[in-house]
Amino acid sequence: PGTYTIAWLSDTQYYSRKWPETFYTMTAFLRDEAARMDLRYFVHTGDLVNNYDAEDQWVVAVRAMASLTRIPGGVLAGNHDVHGTKAEYSNFRAYFGENQFSFKPCYGESYEDNRGHYDLWAAGDTSYVFVYMGYAPDQACIDWVRSVFDRFPERVGVLCLHDYFKTDLSLSEDGQRFYKQVVAKCPNVYMVLCGHRYNIAAVPTAFDDDGDGERERTVYQLIGNYQAAGKEGGSGYMRFIQIDEQKGEMRIYSYSPLLDDYVYYDDVAHQEEDYAADPTDEYTCLPLPWLP
C-alpha cells in the first residue's frame with residue numbers, strides 16, 4: 001500500500017523469434033495485474049526483435065506490446081532492431097514509430113520518428129521525465145537527450161538506453177559518451193536503465209553538481225537483461241521498480257509470470273550457466289536518490 005510500480009522489459013528478441021507465447025504471457029501479466037501493483041509506467045530498453053528485417057518477428061513484438069496500450073510507457077531500438085551500427089531504423093519506425101506511441105498522454109516529443117523521445121508523467125509526489133535514445137547514437141542524438149533534461153530541471157530524470165554497460169559493468173563506448181555528456185552534466189538525472197549486455201545489477205555513482213566538494217547527487221545505473229537465463233530466451237523474467245515515497249526507498253526486483261518465480265540465479269544449476277548474475281542483485285532496496 002502507498003507504493004507504485006514501473007515495469008521494465010529488455011532484450012525480448014528471442015521470444016519474438018522463437019518463443020512468442022512467453023512474450024505474450026509477460027505483457028498480458030502486466031496488463032492484468034496493473035491495478036494490483038499500481039503499475040504507472042513501463043519501459044522497454046530495446047531488442048524487441050532478433051532480426052531487423054524479419055516481418056514475422058515484428059508482428060510478434062507488436063502483438064505482445066499491444067497488451068500495454070492503455071499503460072503509459074515507452075520503447076527504444078536495440079542493435080538487433082536496426083541492423084547494428086548500420087542504424088537501419090525503417091522497420092522500427094514502421095512498427096514502433098511516433099505514430100504508434102504519440103497517442104499516449106505521457107508522450108512529450110519525438111526525435112527522428114521515435115529514434116528518441118521523452119515522456120512526462122507523475123506519481124505520488126514525483127514528476128518524471130524519461131528520455132529514450134536508440135542504438136548507434138551520433139552526437140546530435142546525445143545533444144538532443146541533454147537538451148531535454150535541461151528543459152525540465154524540476155523533474156526527476158531517467159535516461160533509457162540500450163547500450164550503456166558492458167557485461168563486466170564497465171561503460172561501453174556509447175555509455176562513456178552518455179556518462180560524460182549527460183549523466184554527469186544534468187543535475188536532474190537520477191537513474192539510467194539499459195540492457196544489451198548480460199547482467200542484472202545496480203551501480204551507484206555520485207556527483208558534486210554545485211562544486212562545493214560534497215557529492216550530493218546519486219545516480220543509480222541499472223542493467224537488466226535476462227536473455228541468457230535458461231534455454232528459452234530469458235524464461236519470462238523482467239524487472240520491476242517499486243517506488244515507496246513514504247519509506248523513501250525503491251525496491252528493484254525480478255519476476256517471471258511464466259515460472260511464477262522471483263529469483264532465477266539462486267538455483268545452483270543456473271549459476272553454472274553462461275553469464276550467470278549474482279542472485280543478490282535480483283532484489284535490491286535503495287534509498288530514493290531525489291529525496292532531500
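A pocket, on a 1 Å grid over the protein atoms alone, is an open set of points with protein on both sides within 12 Å along at least five of seven lines, and its lining residues have an atom within 4 Å of a point. The model on your screen is predicted, and its local features need pLDDT of at least 70, side-chain atom pairs count only at pLDDT 80 or more, and totals for chains, interfaces and linings use all residues. Residues are numbered from 1 along each chain as its sequence is written, and side-chain values use heavy atoms, with hydrogens and water left out.

**First stop: the second largest pocket**

Select F42, V62, M65, A66, L68, T69, Y95, F96, Q100, F101, F103 and K104, which together line the second largest pocket. The space in this pocket comes to about 160 Å³, where a volume is the space filled by probe spheres set on grid points joined across faces, edges and corners. If you now colour the helices α4 (55-65), α5 (90-96) and α6 (98-101), you will have marked elements that each supply at least two residues of this lining; helices (H or I, at least four residues) and strands (E, at least two) are DSSP runs numbered from the N terminus.

**Second stop: the largest pocket**

Next, select P1, T3, T5, F29, R36, M37, D38, F240, Q242, Y253, Y255 and Y262, the residues that line the largest pocket. Two or more residues of this lining come from each of α3 (34-37), β11 (238-244) and β12 (249-255), and the volume of the largest pocket is about 240 Å³.

**Third stop: the cavities**

How many cavities of 30 Å³ or more does the structure hold? There are three, a cavity being a set of points where a 1.4 Å probe fits but cannot get out. For the largest cavity, which has about 80 Å³ of space, select S10, N225, Y226, Y237 and M238, the closest to its centre among the 16 residues that line it. Then show β1 (4-9) and β11, each of which supplies at least two residues of the lining of this largest cavity.

The second largest cavity, with a volume of about 50 Å³, appears when you select M133, G134, Y135, A136, P137, L161, H162, D163, D174 and F178, its lining residues. Keep D174 and F178 selected, for both are also among the buried residues of helix α8.

**Fourth stop: helix α8**

Display residues 173-183, which form α8, and pick out its buried residues D174, G175, F178, V182 and V183 (buried means under 20% relative accessible area, exposed over 50%, with a 1.4 Å probe and protein chains only). Look down the axis of α8: its buried residues line one face of the helix, because they fall within an arc of 100 degrees, taken over the directions from the helix axis to the C-beta atoms. On the face turned away from that buried side, α8 carries the exposed residues E173 and K180. To see what covers the buried residues of α8, add elements including β6 (126-133), α7 (139-151), β7 (156-160), β8 (189-194), β9 (200-207) and β10 (217-224).

**Last stop: D266**

Finally, select D266, which sits in the loop between β12 and α9 (268-271). Is D266 buried or exposed? D266 counts as exposed, because its relative accessibility is 52%. Leaving aside neighbours within four places in sequence, D266 is in contact (heavy atoms within 4.5 Å) with P279 and E282. Add T280 as well, and check that D266 and T280, 14 residues apart in sequence, are 8.2 Å apart in space from C-alpha to C-alpha.
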